[in-house]
Amino acid sequence: MVSVSQSAPGSGTSTPTMSGTHIPRTTGTETSEGFTASSPPSRQLSLRDKLARFAPIGKRNRKSGGGVGGENGHGSRAASADEAYDRQDTKGSSVAGADKSVVKAARAAEQEQLRRAVLVRRQESDLRASQIETPEQRGKYGQGIPPSGWADDEASMLKLQDVTSEQVDSGSLCKKQVVLRARVHAKRAISPHLGFLVLRQQHTTLQAVIAEEAGSKQGVTQHMVRWAERLHQESIVFVRGDIVKPKVKVIGASIHEAELHVTDLFLVAAPTIELPFSVYEADRPPAELVEQREGLRRQQLKVANGNVDSDEESDPERDVSESEEERIEGSDAIAALPSHTRQHVNTRSASSSRTPPALTKRLYKQLAISSDLQRVFEVGPVFRAENSNTSRHLTEYTGLDVEMQIIRTYHEAIKVIDAMLKDVFGAIRKNMPREEQIVRDHFGGGECVWIEATPILTFQEGIRMLRESGWKEEDGSDPSEDEDLATRTEHRLCELVKEKYGTDYFILDKFPVSARPFYTMPDPELPGFTNSFDIFLRGTEISSGGQRIHDAKELEDNIRHMGLDTRALQEYLDGFRYGMSPHAGCGFGLERIVTTFLGLEEVLASRFNWSSVSCIVEQRVPKEGRQAALAAGDMERKLRKAEKEGLKIEEIEVKEKVPDAIKKEVQEKIEEWKKSREGKKQLHLTEVDPFQDELHRVYFISRTKEAGLQAMVVLAQLAPQNGWQIKWALDFPNAINGAIESTIVRALETYSTDPFTFGAAAGHDFEAVHGVGTLSAKALSKTFKTVVGAAGLHRKSEFRYKIGAKDEKLYITFPRHGLRGGGIRNSPAPKITLVYVRNAASR
């Protein structure tokens with residue numbers, strides 16, 4: 001290995017190295033084998049020289065000296081020919097006196113020609129390397145996780161901030177092989193045989209030397225040196241090598257008395273776009289995510305964090321609780337993000353946005369991971385601005401969200417999260433036994449049980465257990481490996497796990513792709529499944545999590561596939577384009593954990609002895625069977641008739657403003673409809689306002705050339721798993737036969753892969769579920785049928801069934817006697833709770 005403190009043989013000009021000494025620089029040209037060989041300078045420009053003309057000079061370091069930041073400098077722009085075309089910094093030659101468009105086209109053509117030439121050279125070099133390098137040499141560098149397993153143990157990896165001058169002086173680190181994961185802070189190519197990297201972990205940097213070991217069948221090759229030269233700044237790499245004490249003090253890194261001689265180098269993640277500036281240039285805004293990686297900025301955040309912590313701990317006698325204001329916290333900083341990125345709660349309804357509500361909390365923790373915080377958590381209030389469809393989903397709760405970098409597999413995150421939850425359970429059991437016992441005695445809940453080794457079952461194993469027990473879904477089918485578990489199925493699986501393992505707490509791993517959002521990492525070894533998990537406690541899912549996609553291109557492709565607008569997620573995506581570490585995480589609702597741990601899920605109906613009835617349903621239009629329903633009965637005939645009448649349907653997408661002319665026309669039709677309802681028997685005249693929050697709605701408007709406006713359908717997006725709600729389906733007076741049917745069918749076809757719901761509607765029967773006497777139930781049932789029949793509330797349902805709608809029961813709970821005259825008089829506001837459930841067992 002070439003020593004950095006001695007002059008290498010050869011002739012040429014003297015160039016300062018990163019350690020402050022000088023080695024001769026040689027000139028070179030490309031050979032037929034794709035490598036660079038020593039040769040005398042030539043007047044004819046080589047391809048590399050041509051490319052170098054287009055590589056802008058990086059920002060000069062204010063200080064003089066050798067190495068990175070020395071006379072050649074290293075800015076955020078590519079300083080090498082290869083990087084110039086990787087990042088498309090080419091400026092090209094100009095054509096004097098020509099039209100600007102001609103100049104632009106000429107530059108683009110020249111740039112593309114040179115880019116292709118670079119790719120060809122690289123392919124030739126890679127091919128030649130694969131032919132002459134030994135398997136041991138090929139296994140020393142590349143992309144991804146090192147296959148030999150030397151980067152599996154995070155605990156044994158070197159932490160640069162722990163390296164002290166005493167360790168170096170004593171020799172305890174020198175000549176010792178170490179492994180670390182770091183970002184490429186800076187780099188410099190000295191020759192085809194020698195290069196330097198500066199590696200950074202948060203605010204600490206270390207110089208690394210990568211030098212060809214000529215004649216060795218197992219050492220660093222010239223191609224490996226060239227491959228390292230092409231790494232982009234801010235790339236994340238695994239490095240293995242030997243710590244060596246240089247003869248001359250290193251001035252280009254914060255660790256001056258040691259450097260790393262690289263033996264193995266693997267790329268984990270790299271930026272996909274040009275960085276706005278390098279980390280050490282972070283003396284101006286606009287890209288805060290990159291700025292967070294800069295050392296001084298991080299120390300300011302740590303001081304601020306320490307000030308908050310010391311204030312809370314200064315008086316142990318004070319009963320100080322952590323504030324529930326929204327904040328992002330990490331292992332070495334609380335204020336991990338710029339202020340404007342935390343202002344994500346606004347006045348518009350998240351349920352109307354095309355951006356999934358589940359994403360809005362998580363993305364800010366992911367951006368903190370992009371700024372090199374290793375483990376991030378947030379505790380704060382969460383306001384769920386979407387339609388709740390189960391009794392477990394509160395509209396306001398306290399959230400705990402966790403994101404962390406991972407080294408090799410997301411099971412590292414599962415291990416941390418599992419240990420944290422069991423610590424929480426143990427702390428409750430140890431520190432609050434009296435309180436827990438009082439609650440159990442009052443409500444009759446049993447003791448929560450967990451075991452030391454938490455069972456981690458795959459989704460396929462869970463489905464197998466259900467099938468072997470004879471479990472059937474509500475429609476009589478077997479549980480599917482391709483669909484998420486229904487609530488009643490989750491309960492049954494938890495019962496089976498309790499019987500087999502004796503625990504109320506377990507983890508279900510490897511969920512199918514169809515049951516997970518777009519940002520979830522697919523399992524590369526198990527097609528159709530993902531690196532994701534759910535955590536269950538006492539029959540209830542208390543958390544969902546998994547590995548997130550960290551590759552920017554893959555994430556963008558998934559977002560587009562979901563039909564979302566990438567422009568609305570520009571800042572989020574930039575965090576990945578700048579180079580994102582592999583990471584995983586999950587989210588909790590603290591209220592659900594407490595409720596489940598104490599066994600309070602059924603408090604309203606059974607523990608509090610509230611009354612509950614069912615007389616309404618949720619009318620959902622599932623994906624399955626939709627086409628068959630549309631083809632049956634007289635639906636197809638109506639669609640053909642509307643088509644013959646020349647019905648045309650216009651779509652106005654999300655974020656498109658509805659023209660004022662259309663608004664006026666619709667409003668006139670609505671007023672005409674209201675007049676037609678005057679004098680008719682009805683319970684309540686609905687206030688029709690289809691243009692509320694119009695930028696977050698989808699409109700389908702149908703009309704004919706002769707008769708004008710016929711019908712309108714308005715969609716609002718729910719959580720991704722629930723698809724769309726048909727907020728309005730308006731059939732205007734004197735519309736042609738089949739107009740509203742055709743408009744609804746067009747909406748269903750446009751979003752054919754999503755489920756739909758019409759919302760709540762009157763059920764066919766009145767059912768007394770709990771706490772309602774026989775006589776009261778008969779009287780209420782008779783009254784219900786009379787009202788439904790007189791008002792014709794089932795007419796809408798009959799129409800919805802024709803397009804495949806299916807009823808899903810809803811339950812209403814209220815205090816016993818709370819709706820009687822005395823109950824109403826004695827209570828300023830009688831409380832009624834609408835509970836969405838999918839099976840009678842969880843009423």
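Biologist: Leaving out residues up to four places away in sequence, which residues does Glu-645 touch?

Modeller: In this predicted model, Glu-645 touches Thr-704, Glu-706 and Ile-736. A contact here means heavy atoms within 4.5 Å.

Biologist: And where is Glu-645 found?

Modeller: In the loop between α19 (635-644) and β20 (648-652). The C-alpha atoms of Glu-645 and Asn-737 are separated by 9.2 Å, and those two are 92 residues apart along the chain.

Biologist: Why is Glu-645 called partly exposed?

Modeller: Its relative accessible area is 38%. Buried needs under 20% and exposed needs over 50%, so Glu-645, at 38%, counts as partly exposed.

Biologist: Let's move to the helices. What makes α14 roughly antiparallel to α15?

Modeller: The axes of α14 (residues 552-561) and α15 (residues 570-577) cross at roughly 150° and come within 8 Å. Angles over 145 degrees count as roughly antiparallel, and therefore α14 is roughly antiparallel to α15.

Biologist: Which residues meet there?

Modeller: From α14 you have Ala-552, Leu-555, Glu-556 and Ile-559, and from α15 Tyr-572, Leu-573, Phe-576 and Arg-577. By class, that contact has six nonpolar, no polar and two charged residues.

Biologist: How do you know that Glu-556 and Arg-577 are charged, and what is Tyr-572?

Modeller: Glu and Arg both sit on the charged list, while Tyr counts as nonpolar. So Glu-556 and Arg-577 go down as charged and Tyr-572 as nonpolar.

Biologist: Now for the holes: how many cavities of 30 Å³ or more does a search of the whole structure find?

Modeller: Four. About 280 Å³ of space lies in the largest cavity.

Biologist: What makes that a cavity and not a pocket?

Modeller: A 1.4 Å probe fits in a cavity but cannot get out, whereas a pocket is an open set.

Biologist: What lines the largest cavity?

Modeller: There are 19 lining residues, and Arg-181, Ala-182, Gln-201, Gln-374 and Gln-405 lie nearest its centre. The elements giving two or more residues are β6 (176-191) and β7 (194-201), with the largest share, four residues, coming from β6. By class, the lining has seven nonpolar, five polar and seven charged residues.

Biologist: Zooming out, how many helices and strands does the protein have, and what share of its residues count as buried?

Modeller: The protein has 24 helices and 26 strands. Of its 843 residues, 49% count as buried. Among contacts between residues at least 6 apart in sequence, 70% join residues at least 24 apart.

Conventions
Residues numbered from 1 in each chain as written. Predicted model: local features only at pLDDT ≥ 70, side-chain atom pairs only at ≥ 80, totals over all residues. Heavy atoms only, no water. Buried < 20%, exposed > 50% of the residue type's maximum accessible area, 1.4 Å probe, protein only. Axes fitted to C-alpha atoms, helices over the stretch in contact; angles between N-to-C directions. Parallel < 35°, antiparallel > 145°, perpendicular 65-115°, else oblique. 1 Å grid on protein atoms, 1.4 Å probe; cavity = no way out; pocket = protein on both sides within 12 Å on 5 of 7 lines; lining within 4 Å. Points joined across faces, edges and corners; volume = space filled by probe spheres on them.
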